[in-house]
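Student: Please choose one part of this model and take me through it closely, after a short word on the chain as a whole. I would like to follow the reasoning from the overall layout down to single residues.

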Amino acid sequence: MILINLLPHREMARKRARQVFNVSLGAAALLGLLIGGLIYLWYQGAISDQQDRNAFLTSEIKKLDEEIKEIATLQEEIAALKARQEAVENLQSDRNLPVHLMNESVRQLPDGVYLKSIKQENQNVLIRGLAQSNERVSELLRNLSRHSEWVTKPELIEIVAANVALSAREQRRVYDFTVRVQLQRASDVASAARAASATQQAAPKG
């Protein structure tokens, strides 16, 4: 007996194929959405982690900035303390400067010269006196320039010829002069002495 299928099998096959395709397409779309969701979640987690790291770094940077400010403040305070300490040391050492000035005035004063006044203002000193001649004043300047460790930069400000009455009948011609010098601090003298000692030690011995 011969069986004949009168049903539209081609349409049914196409229908089944469309159904399989739609199911496959839906499954692919669902899988794509799932994968996309997983990727999105992964990126969101990575972004969140990076934001947390950025927030941590920002917090640490702020802490470091505060520490840097504290260090800068401490350095300023240390510099101010050193400046005050140096000022106190200079004041203590400068107490003896008038004594050194008087000693140098006596040591470096040549014959034929006597002093009328010595005026000190900080490190500047004005010396006024009378000399028998210009040569005596020049000798005083040389002595102060070459032979004194406490006095530097002697400068002749003024020299004027004048007459001094020795008696009612006798007068002598003298030279009224004003000299300006700079007085060395004790710390400067000590530094110069150390430098000179180091130079002598470094010099080759013959």
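Tutor: Accessible areas here come from the Shrake-Rupley method with a 1.4 Å probe. By that reckoning the chain, which is a predicted model, exposes about 16400 Å², and carbon and sulfur atoms supply 57% of this area. Buried residues make up 16% of the 206 residues in the chain. There are 4 helices and 4 strands, and along the sequence they follow the pattern α-α-β-β-α-β-β-α. Of the contacts with a separation of 6 or more, 59% are between residues 24 or more positions apart.

The part I would choose is the sheet. It is an open sheet of 4 strands in the order β1-β2-β4-β3, with antiparallel pairing. Its edge strands are β1 (113-121) and β3 (151-165), each of which pairs on one side only. Neighbouring strands of the sheet are turned by 15° against each other on average, if direction is ignored. Helix α2 (residues 97-108) packs on this sheet, where it touches β1, β2, β3 and β4, and the direction of α2 makes about 160° with that of β1. Helix α3 (residues 134-146) likewise packs on the sheet and touches β1, β2, β3 and β4, while the direction of α3 makes about 160° with that of β3.

Within the sheet, the pairing can be followed strand by strand. The antiparallel strands β1 and β2 are joined by 8 bridges, and one residue pair between them is V113 with its bridge partner A131 in β2. These two strands form a hairpin with 2 residues between them, and N122 in the turn has a positive phi of about 55°. Strand β2 (residues 124-131) also pairs with strand β4 (residues 171-183), again in the antiparallel sense and over 8 bridges. Along that pairing N124 stands opposite Q182 in β4, and I127 stands opposite V179 in β4.

Which residues does T178 touch, beyond its neighbours within four places in sequence? T178 belongs to strand β4, and its contacts of this kind are L126, I127, R128, E155, L156, I157 and E158. The relative accessible area of T178 is 10%, and T178 therefore counts as buried, since the cut-off for that class is under 20%. In a regular strand the side chains alternate between the two faces of the sheet.

For the helix side of the picture, R142 lies in helix α3 and is partly exposed, with a relative accessible area of 39%. From C-alpha to C-alpha, R142 is 9.0 Å from Q108 in space, although 34 residues separate the two in sequence.

By way of contrast, consider a stretch outside the sheet. L41 is in helix α1 (residues 9-94) and has a relative accessible area of 57%, so that L41 is exposed, the cut-off for that class being over 50%. L41 is also one of the residues of a nonpolar patch on the surface, made of L31, L34, I35, L38, I39, Y40, L41, W42, Y43 and I47, which together have about 1100 Å² of accessible area.

Notes
Residues numbered from 1 in each chain as written. Predicted model: local features only at pLDDT ≥ 70, side-chain atom pairs only at ≥ 80, totals over all residues. Heavy atoms only, no water. Patch = residues over 30% accessible without salt bridge, like charges linked within 9 Å, V, L, I, M, F, W, Y side chains within 5 Å. Salt bridge = Lys/Arg side-chain N within 4 Å of Asp/Glu carboxyl O. Buried < 20%, exposed > 50% of the residue type's maximum accessible area, 1.4 Å probe, protein only. Pairing = 2+ DSSP bridges. Axes fitted to C-alpha atoms, helices over the stretch in contact; angles between N-to-C directions. Contact = heavy atoms within 4.5 Å.
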